[in-house]
Amino acid sequence: MSLIPGLGIARGMAFTLRRFFAPKATIQYPETAPDIAVRFRGRLQLLYDELGNLKCETCFQCAAACPVECIDMGGFDTKGRFHVHWGAPETYAERREESALRRSGRPVPDAAFEHFEPIDERPLDRILAAHDYDPKAMLPMLEAVQREYGYIPVASLKRISQVSGAPYALIFGTATYYDHLRLTKPRRTVAVCRCTDCLLAGSQRLAERIGGTLGTGIGRAAGGEVALEQLPAHVPGAQSPLVTLDGKPQAGLTIEGAAAWAAGLAGGPAA
Amino acid sequence: MSFATRTWGRLSLQARLLAIFVPLAVVAAVVTVVVVLLAGPPFLDFLGANLPLVRFAVAVLAILLLTVPTAFVLIYMELKIIARMNLRIGPNRVGPWGAAQSVIHGFKVLAKEDFAPTGADGVVFTLAPVVTYMASVMTLLVIPFAPGLFGQDLNIGVLFFFAMGGLTVVGLLMGGWSSFNKYSLLGGLRSAAQMVSYEIPLTLSVVGVIMLAGSMSLVRIVAEQSGSALDWFVVKQPLAALIFFIAATAEANRTPFDMTEADSEIVAGFATEYSGMRFGFFFFAEYVNVFIVSALLVTLFFGGWTAPFGWPWAWNLNWFDPLRPGALGWAVVLANVLVWGTIVLLVPVRLFGGRTWGLGESALLGFLILGVLATAVIAGAAFVAFDWFAGLAWFMAKTYFFVFVFVWMRATLPRVRVDQLMGFAWKWLLPAALVNLFVTAAAVVLTNPGGIR
């Protein structure tokens, strides 16, 4: 805000008048072509942010859009959750390794890559058949896979892509979009019972405390290696509120002590 | 087969055309000469006896014919100037430097479908653009372009101008109402609200000028400002000139007050349902309005046709009468100038043309250069010799300067909000105009103790 009214207008007008006489930015395209080096191919480049982290989110959009399918990639997603791959299996080795080495036929050492675990595909094939191999039923299919395997293995995504014909990037996108789908195998599973008796005894607050500590919640897959679930039914004879760790009821857990208990879980050894 | 049909059968197409049109042209020329000789004098007498009527007809025709090229020039100016201020080049494909772009736009609009929505009030829908356009064009009737070059010197010229300018609102409302579209209606009402609001400070700001000039005749107002730039009313009435300029911007629907047709935000306001040449008339009216508002600003505050400084010398070219019998000698001189001028000017083209020009090419170029030079010389001579030419030149120069300012503002200023728009008119412009009016009135009374003219 200037004290003299109209000063801003005058300055703006002066600016546009200077622009009026300034050299013009237009390039008359068909007559004047931009000066491009002969060897220029518009190569892809991985960009790093100012902290040195890769800006690539492995979203596969470039790979899905590439008309000649020359892009392959692998890496961790932004949440650091799992290893993903795009491209034919023989190109899985990381591209940052010297390609000459790979072309020589020798095995390329690949520190970052862990091959995804093969799974028993018979339950998956039953699920696929039940959904008529229809990619439009992707979400119910993925939910069924999670119910069957406890999480959604990368191998199942590959298999679904292979038999349903849907691009891997789309299936991967669907699987990562929804909060309740989990793509890593939970190391431990905490289940909270929410029957009427347990709710009256405070199981809802208990679940919130535990979820807050673990950074997750019931019905959400986000968080660390501990999954938080709802117990399907109350274990007969167990006292309320009922919390189970990998199926074993935990006695004597109070609302006040829940957070500390959960914090101990997150760092503790596998059951 | 007769001789005539045989000969006709042997003729080529060009020869047939010639055989048809040359006799026709001869007959037409003879008939024209005979008619002019026989009916010419009585017709001229008739015209002379009805001079005011003839003057009116000629003025209206001239103004109607003037507005379309004016609108084309303004549209081209706007495209080009705003482009330059955006660091672009602007239209440069159609015609030299893209000069025919706006004309092509005009033809495009003509070629489009003339659509009227179902349920539209047909008569009003058709008349609305006409009313808007004619309201703009009619105001030009009282604008004095140069000494003796004006449609009519009305003694209530200013009043006529604002009355006709006010009709624009009627046209916009008609367009909004008859379109059978709630958005059009809202747009029309919004433009009406804006234009009615801004007409009040616009008119009030002129009252001071009228008091100083002692007349509402625009010719008289211009005559009162003759002398030098210090005699212009902008010196005595700077506040009024500023108010007039701002209110006129809103009146012409120009940025930053172009709420009626904010082209980047709403569809087209009152003109949403209009297409083809009907829309074109609204569009033309808008640009004619810019010209008119600039012309009136120049007339009222910037001395109209008068020069900003006294012109110290004047030539008298009255001794030159091309219709005198002795003018044959001048024709010979002119022919010699044409031939020798072309020959003289083709020499540097041949010598320094940069590439090898053929004789015919360089002769053509030399002739073109001669034409440009001759036009400049003739225009210069007319400028010093004829009052009306000099006046027209000054008037047009000033008017187009303000047209440039309007376009410049459009390239610079952002659009105001509708409540800011109304608030500015009623809370700032109107009180300022009233203050200006009272101060002027007091000054007029004080400086004329014996009584007011």
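1. A residue counts as buried here if 20 or more other C-beta atoms lie within 10 Å of its own. That cut-off matters for several points below. The model is predicted.

2. Start with helix 10 of chain B. By that cut-off, 11 of its 14 residues are buried, so helix 10 of chain B is largely enclosed by the rest of the structure. The buried set begins with B:Ala240 and B:Ala241. B:Ile243, B:Phe244, B:Phe245 and B:Ile246 also belong to it. So do B:Ala247, B:Ala248, B:Thr249, B:Ala250 and B:Glu251. Note that a charged residue, B:Glu251, is in this list.

3. What do the buried residues of helix 10 of chain B pack against? Six helices of chain B are involved: helix 6 (157–178), helix 7 (182–213), helix 9 (233–236), helix 11 (276–301), helix 14 (387–412) and helix 15 (418–447).

4. The geometry of helix 10 of chain B is worth checking too. The helix covers residues 238–251. From first C-alpha to last it reaches 19 Å, close to the 20 Å expected at 1.5 Å a residue. Just after the helix, B:Asn253 takes a positive phi of about 55°.

5. Helix 7 of chain B, one of the packing partners above, can be tested in the same manner. Its 32 residues should span 46 Å at 1.5 Å a residue, and its end C-alpha atoms are 46 Å apart, which agrees. B:Gly214 follows this helix, and its phi is positive, near 70°.

6. Now chain B as a whole. It has 15 helices and 0 strands. Of its 453 residues, 34% count as buried. Take the contacts in chain B between residues at least 6 apart in sequence: 79% of them join residues at least 24 apart.

7. Chain A has 10 helices and 6 strands. Buried residues make up 18% of its 271 residues. For contacts in chain A between residues at least 6 apart in sequence, the share joining residues at least 24 apart is 55%.

8. Chain A contains an open sheet of 4 strands, in the order 4-3-5-6, with mixed pairing. Which strands sit at the edges? They are strand 4 (226–231) and strand 6 (248–250) of chain A, each pairing on one side only. On average, neighbouring strands of this sheet are turned by 30° against each other, direction ignored.

9. Strand 3 of chain A, residues 188–193, shows both pairing senses. With strand 4 of chain A the pairing is parallel, over 6 bridges. Within strand 4, A:Val226 is the bridge partner of A:Arg188, and A:Ala227 is the bridge partner of A:Thr189. With strand 5 of chain A the pairing is antiparallel, over 3 bridges. There, A:Ala191 has A:Thr244 as its bridge partner.

10. A helix also meets this sheet. Helix 9 of chain A, residues 203–214, lies across strand 3, strand 4 and strand 5 (243–245) of chain A. Helix 9 runs at about 155° to strand 3 of chain A.

11. Last, the interface. How many residues of each chain are in contact with the other? The count is 11 residues of chain A and 9 residues of chain B. The chain A side has 6 nonpolar, 3 polar and 2 charged residues.

How values were computed
Residues are numbered from 1 along each chain as its sequence is written. Chains are lettered from A and ligands numbered from 1 in the order in which they are written. This is a predicted model: local features need pLDDT of at least 70, side-chain atom pairs count only at pLDDT 80 or more; totals for chains, interfaces and linings use all residues. Two residues are in contact if their C-beta atoms, placed from the backbone, lie within 7 Å. Helices (H or I, at least four residues) and strands (E, at least two) are DSSP runs, numbered from the N terminus. The expected span of a helix is 1.5 Å times one less than its number of residues. A residue is buried if 20 or more other C-beta atoms lie within 10 Å of its own, exposed if 12 or fewer, and partly exposed in between; C-beta atoms are placed from the backbone. Two strands pair if DSSP finds at least two bridges between them. Axes are lines fitted to C-alpha atoms, for helices over the stretch in contact, and angles run from 0 to 180 degrees between N-to-C directions.
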